Amino acid sequence: MTGFLFELSFFLAAPVWLLMIFAPGWRGTERLAASPLTVVPILAVYLALALPVLPELWAAVSSPDLDTFRELTALANGAGAIWAQVIAWDLLLGQWMYREARRLGLSPLLMGPLLILTILLSPFGLLIFLVLRATRRPRPVRGAA
């Protein structure tokens with residue numbers, strides 16, 4: 001069951017990522033990316049994985065040290081819970097990047113690969129995006145004087 005939940009966490013996020021990458025201009029994508037509720041199913045998976053290892057999880061987060069964290073990740077449910085948490089936060093980060101890119105008028109041809117990089121290695125994707133964001137100004141609102 002743990003293996004199934006581990007994989008499920010990514011598959012729950014994948015449709016949102018695919019829409020942001022391949023259908024960035026679709027109105028439905030914009031509405032979906034604006035909602036933080038996209039992570040709720042992933043957080044349900046997180047809870048299913050985290051609850052059985054709650055004492056170990058609590059020990060790892062309440063008094064963090066590398067050995068305690070290593071013990072948590074050695075447990076299948078511990079590693080799975082952390083994975084689901086990463087998937088949820090990466091999705092929220094990707095949604096923010098998508099919305100900011102739209103606001104700034106960044107090309108979907110630029111953002112598609114950057115979102116893929118963010119799925120795989122979110123710190124790298126975020127750093128590159130932050131550099132791009134710092135160099136751009138918001139596009140003017142149409143009809144404004």
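These legends describe four close-up views of a predicted model.

**View 1. The stacked aromatic pair of F6 and W83.**
The structure holds 3 aromatic pairs. In one of them, the rings of F6 and W83 are stacked, with 5.2 Å from centre to centre and 20° between the planes. An angle under 30 degrees counts as stacked, so the 20° of this pair meets that condition. F6 belongs to helix 1 (residues 2-22) and W83 to helix 6 (residues 76-104), so the pair ties together parts that are 77 residues apart in sequence. F6 counts as partly exposed, at 35% relative accessibility. W83 also counts as partly exposed, at 33% relative accessibility.

**View 2. The edge-to-face aromatic pair of W96 and F129.**
The ring centres of W96 and F129 lie 5.5 Å apart and the planes meet at 80°, so this pair is edge-to-face. Distant parts of the chain are linked by the pair: W96 is in helix 6 and F129 is in helix 8 (residues 122-134), 33 residues apart. Are the two residues buried or exposed, or partly exposed? W96 counts as partly exposed, because its relative accessibility is 27% and the partly exposed class runs between 20% and 50%. F129 is buried, with a relative accessible area of 0%.

**View 3. The surroundings of Q95.**
Q95 is found in helix 6. The residue is buried: its relative accessible area is 1%, and buried means under 20%. Which side chain is joined to that of Q95 by a polar contact of 2.4 Å? The partner is T38. T38 also appears among the residues in contact with Q95 when neighbours within four places in sequence are left aside. The others in that list are V16, M20, L32, A33, A34 and S35.

**View 4. A nonpolar surface patch that includes W83.**
Four residues are shown here: F6, F10, F11 and W83 make a nonpolar surface patch of about 380 Å². Helix 1 gives the largest share of the patch, 3 residues. W83 lies in helix 6. With a relative accessible area of 33%, W83 is partly exposed; patches are made of residues with over 30% relative accessible area, so W83 passes that cut-off. F6, at 35% relative accessibility, passes the cut-off of over 30% as well. Two members of the patch, F6 and W83, are also the partners of the stacked aromatic pair in View 1.

Conventions
Residues numbered from 1 in each chain as written. Predicted model: local features only at pLDDT ≥ 70, side-chain atom pairs only at ≥ 80, totals over all residues. Heavy atoms only, no water. Phe/Tyr/Trp six-rings, centres within 6.5 Å; stacked < 30°, edge-to-face > 60°. Helix = DSSP H or I, 4+ residues; strand = E, 2+ residues; numbered from the N terminus. Buried < 20%, exposed > 50% of the residue type's maximum accessible area, 1.4 Å probe, protein only. Polar contact = N/O pair within 3.5 Å; in protein donor to acceptor, adjacent residues only side chain to side chain. Contact = heavy atoms within 4.5 Å. Patch = residues over 30% accessible without salt bridge, like charges linked within 9 Å, V, L, I, M, F, W, Y side chains within 5 Å. Areas by Shrake-Rupley, 256 points an atom, 1.4 Å probe, with all protein chains shown as cover. Salt bridge = Lys/Arg side-chain N within 4 Å of Asp/Glu carboxyl O.
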